[in-house]
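Student: I would like to take a close look at a single part of this structure. Could you please guide me through it in one connected account?

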Amino acid sequence: MKVLVVPTGIANVASILAGLERAGAEPELTHDADAVAQARAVVLPGVGAFGAGRAALDANGMFEALRTRIAADRPLFAVCLGMQLLAETSDETSGVRGLGVLGAHVGRFGPPAPSARPPAAALAAPGGTIGSTRASRRRNLSSRRRRCSR
């Protein structure tokens, strides 16, 4: 399936394109606002500040195209800042309006409530990996051990 990707200039578009390809889609970057409004599937990526994201949508004519798309109930996959831009406003950039389709405000995280804090023992326990980790399945672990021990 062809999936249009909105090039906001504030996202790691290469990761989005690679992920869509791995999933079997045919991703295509487009600056064509009419195509974004009408396409079968669209991805709105984003990294960075709310105000810069809105400015990027305005600069490439995508703001109204995305609002038209959403009003027509067409699929849109918003990632990270792309999802925040679906809200009306954000604490991050006062006075800047988002797409306003969620009827929500993006606020900053506050300190956790005392009852939500984990016990001290949990904080000292070894944790998992934060970030991206590549995992693969080993077919024959015993033969690998033999090769390593020689």
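Tutor: Let us begin with the lining of the largest pocket, which is formed by G48, Q84, S90, D91, E92, V106, G107, R108 and F109. The model is a predicted one, and the volume of this pocket comes to about 170 Å³. By type, the lining residues comprise two nonpolar, four polar and three charged.

For orientation, the chain as a whole contains seven helices and six strands. Read from the N terminus, these elements follow the order β-α-β-α-β-α-α-β-α-β-β-α-α. Of the 150 residues in the chain, 30% are buried. Among the contacts in the chain with a separation of 6 or more, 65% are between residues 24 or more positions apart.

We may now turn to helix α3, which spans residues 50-59. Its buried residues are F50, G51, G53, R54, A56 and L57. Here "buried" has an exact sense: a residue is counted so because its relative accessible area is under 20%. These buried residues of α3 pack against β3 (42-44), α4, α5 (81-84) and β5 (89-90).

One of these partners, helix α4, deserves closer attention. Helix α4 covers residues 62-71, and its axis lies 5 Å from that of α3, at an angle of about 90°. The two helices, α3 and α4, are therefore roughly perpendicular to each other, since angles of 65 to 115 degrees are placed in that class. On the side of α3, the residues that meet α4 are R54, L57 and D58, while α4 contributes M62, F63 and L66. The residues of this contact divide into four nonpolar and two charged, with no polar ones. R54 and L57 thus appear in two descriptions: they belong to the buried residues of α3, and they also take part in the contact with α4. After α3 comes G61, a residue with a positive phi, near 75°.

Another partner of α3 is helix α5, and M83 has its place in this helix. M83 is partly exposed, for its relative accessible area is 47%, a value in between the limits of 20% for buried and 50% for exposed. When neighbours within four places in sequence are left aside, M83 is in contact with A78 and L102. M83 and L102 stand 19 residues apart along the chain, and their C-alpha atoms are separated by 9.5 Å. With α5 we also return to the starting point: this helix covers residues 81-84, and Q84 is one of the residues that line the largest pocket.

How values were computed:
Residues numbered from 1 in each chain as written. Predicted model: local features only at pLDDT ≥ 70, side-chain atom pairs only at ≥ 80, totals over all residues. Heavy atoms only, no water. 1 Å grid on protein atoms, 1.4 Å probe; cavity = no way out; pocket = protein on both sides within 12 Å on 5 of 7 lines; lining within 4 Å. Points joined across faces, edges and corners; volume = space filled by probe spheres on them. Nonpolar A, V, L, I, M, F, W, Y, C, P; charged D, E, K, R; others polar. Axes fitted to C-alpha atoms, helices over the stretch in contact; angles between N-to-C directions. Helix = DSSP H or I, 4+ residues; strand = E, 2+ residues; numbered from the N terminus. Parallel < 35°, antiparallel > 145°, perpendicular 65-115°, else oblique. Contact = heavy atoms within 4.5 Å. Buried < 20%, exposed > 50% of the residue type's maximum accessible area, 1.4 Å probe, protein only.
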